[in-house]
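Trainee: Got a minute to go through this one with me? I'd like to start with the helix packing and then jump around a bit.

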Amino acid sequence: MADRALDEPLWLRVLLIVLAVGLMAALVLMPLAVVMVEAFAQGVQAWWAAVDEPDTRAAIALTLTVAAIAVPLNAVFGLATAWAVTKFEFRGKRLLLALIDLPFAISPVVSGLVLVLLFGAHGWFGAWLQEHDIQILFATPGIVLATVFVTFPFVARELIPLMQSQGRDEEEAAASLGAGGFRLFWRVTLPNIKWALLYGVLLCNARAMGEFGAVSVVSGHIRGLTNTLPLQVEILHGEFQFQAAFAVASLLTLLALVTLVAKAWLEHRHGDALAAGARH
């Protein structure tokens with residue numbers, strides 16, 4: 001009887017489903033379809049010509065390079081942070097948890113401006129960097145730093161709830177049997193968190209390749225050198241090369257679709273392990 005009382009009327013359920021599907025189609029599926037249709041509107045050869053253009057190839061290479069550096073760094077940082085938060089008690093723990101969410105709380109553009117304040121010609125470390133001929137801004141290091149900052153929470157936020165829900169019993173049992181720290185991590189901790197780690201890395205990689213705001217501030221928009229794929233799309237669109245812009249944007253769209261499929265597969269195959277952390 002209680003379950004029946006909680007059931008919504010059929011018309012309301014149908015209305016909510018239609019609204020949800022309609023909003024999803026209008027806000028997600030339709031833009032994706034438009035991008036792909038416009039990208040191939042002039043044929044595959046025109047699409048390939050836009051993608052194979054030297055500046056676009058340089059943008060692809062830079063995007064992959066930045067992701068290849070930033071994602072492993074954040075995987076290590078996320079693991080270390082989750083381990084520290086869930087396995088130890090220390091002063092400032094709440095502050096650390098708050099700082100992990102800082103990139104979610106502030107605009108990426110602001111984080112880029114902070115890097116300019118630190119490493120710009122008139123920044124805190126600008127004079128020292130110039131004296132030692134070290135280039136941070138308007139170069140790959142600045143783009144990597146900006147990407148690392150905005151993507152830092154993804155791995156940590158996937159691991160912390162799961163590791164908190166698992167507790168420390170297994171690690172303590174292994175330690176009591178003589179397992180060292182390295183062996184304990186590889187044989188006990190990592191197998192328990194591997195799917196959540198992969199999930200966080202997947203989301204981190206998608207955001208790293210698609211980041212625009214912070215990278216735009218620190219890149220300098222130097223053609224063929226400091227433009228990532230999102231910046232290249234902006235430049236092509238600003239120059240009214242619409243087909244080329246959609247062609248390059250289709251690469252990011254394909255990345256999003258691959259990420260979505262991989263995310264759905266992880267949730268289907270290992271949903272219980274991921275949900276255990278999410279419920280905590």
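Trainee: Which residues in helix 7 meet helix 9?

Mentor: Pro108, Ser111, Leu115 and Phe119 do, and on the helix 9 side they meet Gly142, Leu145, Ala146, Phe149 and Val150. Keep in mind that this is a predicted model.

Trainee: What do people usually quote for a pair like that?

Mentor: Two packed helices are described by the angle between their axes and the distance between the axes. Here the axes of helix 7 (residues 108-119) and helix 9 (residues 140-151) come within 10 Å and cross at roughly 135°.

Trainee: Are helix 7 and helix 9 roughly antiparallel or oblique, then?

Mentor: Oblique. Roughly antiparallel would take an angle over 145 degrees, and helix 7 and helix 9 cross at roughly 135°.

Trainee: And is the crossing of helix 7 and helix 9 left-handed or right-handed?

Mentor: The crossing is right-handed.

Trainee: Changing topic: aromatics. How many aromatic pairs are there in the whole structure?

Mentor: A search turns up six aromatic pairs. One of them is Phe240 with Phe242, an edge-to-face pair at 5.9 Å centre to centre and 80° between the planes.

Trainee: Why does Phe240 count as exposed?

Mentor: Because its relative accessibility is 64%, and the cut-off for exposed is over 50%. Phe242 counts as partly exposed, because its value is 38%.

Trainee: What comes just before Phe240?

Mentor: Phe240 follows helix 14, and its phi is positive, near 65°.

Trainee: Is helix 14 mostly covered or mostly open?

Mentor: Mostly covered: helix 14 spans residues 229-238, and seven of its ten residues are buried. Those are Leu229, Pro230, Leu231, Gln232, Val233, Ile235 and Leu236.

Trainee: Back to rings for a sec. Which residues form an aromatic cluster?

Mentor: Phe40, Trp47 and Trp48 form one.

Trainee: And what lies over the face of Trp83?

Mentor: That's Lys87, at 6.0 Å from the ring centre.

Trainee: Last one. Where is Thr259, and is Thr259 buried or exposed?

Mentor: Thr259 is in helix 15, residues 242-279. Thr259 counts as buried because its relative accessibility is 8%, with the cut-off for buried being under 20%.

Trainee: What is Thr259 in contact with, leaving aside its neighbours within four places in sequence?

Mentor: Leu202 and Ala206.

Conventions:
Residues are numbered from 1 along each chain as its sequence is written. This is a predicted model: local features need pLDDT of at least 70, side-chain atom pairs count only at pLDDT 80 or more; totals for chains, interfaces and linings use all residues. Side-chain values use heavy atoms; hydrogens and water are left out. Rings of Phe, Tyr and Trp (its six-membered ring) pair if their centres lie within 6.5 Å; planes under 30 degrees apart count as stacked, over 60 as edge-to-face and the rest as tilted. Buried means under 20% relative accessible area, exposed over 50%, partly exposed in between (1.4 Å probe, protein chains only). A charge sits over a ring if NZ of Lys or CZ of Arg is within 6 Å of the ring centre and within 35 degrees of the ring normal. Axes are lines fitted to C-alpha atoms, for helices over the stretch in contact, and angles run from 0 to 180 degrees between N-to-C directions. Helices (H or I, at least four residues) and strands (E, at least two) are DSSP runs, numbered from the N terminus. Angles under 35 degrees count as roughly parallel, over 145 as roughly antiparallel, 65 to 115 as roughly perpendicular and the rest as oblique. A crossing is left-handed if the near helix is turned anticlockwise from the far one by less than a right angle, and right-handed if clockwise. Contact means heavy atoms within 4.5 Å.
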